[in-house]
Amino acid sequence: STFASGLSISWTTASATSGGGALSLLAAPVVVADTSTGVGLAGAATSTAARSFTLPTKAKVPVGADAVLLQVSGRGGSAAGTLVVGSRGSLRAFGMAKNKWSHDLVLLPLSSARTVSVATTSIGSSARVTVLGYVA
């Protein structure tokens, strides 16, 4: 799909769990990226380019985990838009209203690099990524 802003997204099929592992929920959620406070990613979006971060140790996701369960929150900036989160060829997109927070749950496959990418079509938007659990 191509959005009015020019951001292009192609959906792929990827198995979230290659070994059929069990979902483990964390005792408490861990915020790993929050552009409104500078955790993991600095500042609101200034372009539609994807920004990436590596899951930190504090996320409590073991090395070798197949997938991570995330709560992804986005706050539209100067206009309504789309927030995209992805890793290992899998993307999830959801809409954001201008100046309002929207939330979604995402089970995202992980690569061995444990990298997560975030992109938006709304300049000035904010994103928050919180780890809720993992599949190992």
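Two strands count as paired when DSSP finds at least two bridges between them. I start there, everyone, since pairing runs through this whole talk.

A word on where this comes from: this is a predicted model, in which local features need pLDDT of at least 70, side-chain atom pairs count only at pLDDT 80 or more, and totals for chains, interfaces and linings use all residues. Residues are numbered from 1 along each chain as its sequence is written, and side-chain values use heavy atoms, with hydrogens and water left out.

Let's take the overview. The protein has eight strands and zero helices, and from the N terminus on its elements read β-β-β-β-β-β-β-β. Both kinds of element are DSSP runs numbered from the N terminus: helices are H or I with at least four residues, strands are E with at least two.

Now to one of the sheets. Four strands make an open sheet in the order β1-β8-β3-β6, with antiparallel pairing. At its edges stand β1 and β6 (101-109), each with a single partner strand, so one side of each has no neighbour in the sheet. From one strand to the next the twist averages 20°; for such angles, axes are lines fitted to C-alpha atoms, for helices over the stretch in contact, and the angles run from 0 to 180 degrees between N-to-C directions.

What joins these strands? β1 and β8 (residues 126-135) run antiparallel and are joined by seven bridges. If you look at Leu25, you will find Gly133 of β8 opposite. β3 and β8, also antiparallel, are joined by nine bridges, and there Ala67 stands opposite Val135 in β8. β3 pairs with β6 over nine bridges in the antiparallel sense, with Val106 in β6 as the bridge partner of Leu70.

Is strand β3 mostly covered or mostly uncovered? Seven of the nine residues in β3 (residues 67-75) are buried, so to speak mostly covered. Buried means under 20% relative accessible area, exposed means over 50%, and partly exposed lies in between, using a 1.4 Å probe and protein chains only. Across the protein, buried residues make up 43% of the 136 residues.

Strand β1 (residues 23-34) includes Asp34, which is buried at a relative accessible area of 6%. Leaving aside residues up to four places away in sequence, Asp34 touches Val39, Leu41, Ala127 and Arg128; contact here means heavy atoms within 4.5 Å. Leu23 is in β1 too, but Leu23 is partly exposed, with a relative accessible area of 48%.

Leu23 also belongs to a nonpolar surface patch with Leu25 and Leu107, together offering about 300 Å² of accessible area. Patches take residues with over 30% relative accessible area and no salt bridge, joining like charges within 9 Å and nonpolar side chains (Val, Leu, Ile, Met, Phe, Trp, Tyr) within 5 Å. A salt bridge is a side-chain nitrogen of Lys or Arg within 4 Å of a carboxyl oxygen of Asp or Glu. The accessible surface of the protein comes to about 6500 Å², with 55% belonging to carbon and sulfur atoms. Such areas come from the Shrake-Rupley method with a 1.4 Å probe, and for residues only the protein chains shown count as cover.

On to another sheet. This open one has four strands in the order β2-β7-β4-β5, paired antiparallel. Its edge strands, β2 (51-54) and β5 (90-96), each pair on one side only. Inside it, four bridges join β4 (residues 81-87) to β7 (residues 115-120), and Val85 stands opposite Val118 in β7.

Thanks for listening!
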